[in-house]
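User: I am new to this structure and would like a close look at one part of it, the enclosed spaces inside. Could you walk me through them in one go?

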Amino acid sequence: MTHDGGARLPGPVTGQWRDSAVIYQAYPRSFADGNGDGVGDLAGLAARLPYIASLGVDGIWMTPFQPSPQVDQGYDVSDYCGVDPLFGTMDEFDALLAQAHALGLRILLDVVPNHCSSAHPLFQAAVAAGPGSPERELFHFVEGRRSGPRSVSDVPPNNWQSVFGGRAWSRANPDSDTDTDWYLHLFSPGQPDWNWRNPAVGDYFEGVLRFWFDKGVDGLRIDVAHALFKAVGLPDAPSATDVVDGLRSNPLVSDQEDVHEVYRRWRRLAEKYQPHRLLVGEVNLEPARAARYTRADEMHQAFAFAFVKLGWDPQAWAAVGSELEAARQLHGAAPSWALENHDIVRSVTRFGGGNLGARRARAAVLALLGLPGAAYLYQGQELGLPEVDVPLAARVDPMWARGGITRDGARVPLPWTESPLLSHGFSSAQPAAAPWLPQPAGWGSYAAETQQQDPGSMLALVTAAVGLRRQLRAQGVFTADDGGSWRVEPGNLLICERSPRFLVAVAMGTEPVRLPAGTVLATAAPLEADGWLQPDNAAWVLREP
């Protein structure tokens, strides 16, 4: 990365920190293993906190580490206010939180309010209590339909499909002749959906939020935030196709108007704490609908899902960017940008793979960090990790078993050292078990320790861009009121004009293109000719006011 130099400016950045925050997503299972069992844990994450701080980010989003049978790698929670022994202890979490705060890092936790684990005590009690009991009213237990006059509850209550493939219903007690209820699970059978139309569920989750906020956690990322409420009466969906598009194909299972009152309640609670706690939603809807979740009295942020899965297509980037800007102007909250997370094919692979994908991933992450609003980086993105083709026998994602889709390739444990010892430094204790997902041959070539010594590495690019972003905010070049005016110029040059003073340019064509006039502050790769941006490169341009 090239830029205009200068030390990191002293003093606090003005305004709400969240308005321009860069958050690093840590997937604890795959980040660092502190006890040598092959699974990442809190001890490993705590030991590597200085590394995350060295990136210059503002905080860390931690995916679930609460007690869980791990059917869906922690998104099947059996105790919302605990720590799974697989990851450590509550004392270790408390120490990690204190250490992060001492390093200037805020901590966001995942909360999973749409569903829990079938091992959750309240679900276990509901199964045991039987049909018609108050315990079952916490979930969606419904008597099934009959396929014929002599059959009993042998057909699910409706035609809803699971995100993971197959039907979204399972028998509560399939061996019983008297318990004919089915229970709803939009994901795996091990993840029953809560019934949010029961006020007791809302009260329960307020207690969960208070528990973590009282500990000093700085905010929450809310899993499947647009689901929670299902259509009254649970009618059949217009079609019974597999729900592989983030619930969008079934309008009856998400984006019900009732859900907004949940986040108004949570926002009121978050603002009772000082400083206010941050609420970030996983809202996988079209921009205009997703933005409604970030109205002034609801969540602070929602991920820009229309952006996160884009390929290398300037027209698509401009169209989505324009939609997100229109939503920002309507509802006031800037987008929260991301190109990767634990559910998405890594950008190096998505943008073409090999050297081509690597160049484009560099350009894309520089562009991302220049856009207005918050930015989220997924662990390993700063190393330029590609998607891994995990061997079939080693795949553990429940989506693979039920729907033929795997997310394991973005979850392979990180390479910290070039040497293969201790799984490329993923484990820090001897003897070290094999990592829970296998690392591929050559994984050490992406090692963090190697990239830290290479000024031309992806790690160096990301670190410099985050630092320059902070400088520009402190200097007033970046402000919380910035928008994004998107266009595609000849030669497939994508432009996002953040303000009259600053723009991001990405060359998405096959020939060099002339950059707009101004001072080039940063590029993803060195310019081959002044004023010209070569293909698969990006630039930050500062213009005269």
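How many cavities of 30 Å³ or more does the structure hold?

Analyst: Happy to help! Please keep in mind that this is a predicted model. The structure holds seven cavities of 30 Å³ or more, and the two at the top of the size list make a good tour.

Let's start with the largest cavity, which contains about 160 Å³ of space. Its lining is made up of 18 residues. If you want to find its centre on the screen, look for Pro287, Ala291, Ala302, Leu324 and Pro335, the lining residues that lie nearest to that point. Three helices each supply at least two residues of this lining: α8 (287–290), α9 (305–308) and α10 (314–331). Among the contributors, α10 gives the most, with three residues. As for the chemical character of the wall, 15 of the lining residues are nonpolar, two are polar and one is charged.

Now move to the second largest cavity, where the space comes to about 100 Å³. Here 14 residues form the lining, and those nearest the centre are Phe303, Val308, Ala338, Glu340 and Asn341. Helix α9 turns up again: α9 supplies at least two residues of this lining, as do the strands β10 (336–338) and β11 (374–378). The largest share comes from β10, with three residues. By class, this lining divides into nine nonpolar, three polar and two charged residues.

It is helpful to set the two linings next to each other. Helix α9 supplies at least two residues to the lining of the largest cavity and at least two to that of the second largest, so you can use α9 as a landmark when going from one to the other. In the largest cavity the leading contributor is the helix α10, whereas in the second largest that place goes to the strand β10. The names α10 and β10 look alike, so the residue ranges are handy here: α10 covers 314–331 and β10 covers 336–338.

To find your way around, you could begin at Pro287, one of the residues nearest the centre of the largest cavity, and then look for Phe303, which is among those nearest the centre of the second largest. With these two residues in view, the helices and strands named above can be picked out one by one.

Methods:
Residues are numbered from 1 along each chain as its sequence is written. This is a predicted model: local features need pLDDT of at least 70, side-chain atom pairs count only at pLDDT 80 or more; totals for chains, interfaces and linings use all residues. Side-chain values use heavy atoms; hydrogens and water are left out. On a 1 Å grid over the protein atoms alone, a cavity is a set of points where a 1.4 Å probe fits but cannot get out, and a pocket is an open set with protein on both sides within 12 Å along at least five of seven lines; lining residues have an atom within 4 Å of a point. Grid points are joined across faces, edges and corners, and a volume is the space filled by probe spheres set on the points. Helices (H or I, at least four residues) and strands (E, at least two) are DSSP runs, numbered from the N terminus. Ala, Val, Leu, Ile, Met, Phe, Trp, Tyr, Cys and Pro count as nonpolar, Asp, Glu, Lys and Arg as charged, and the others, Gly among them, as polar.
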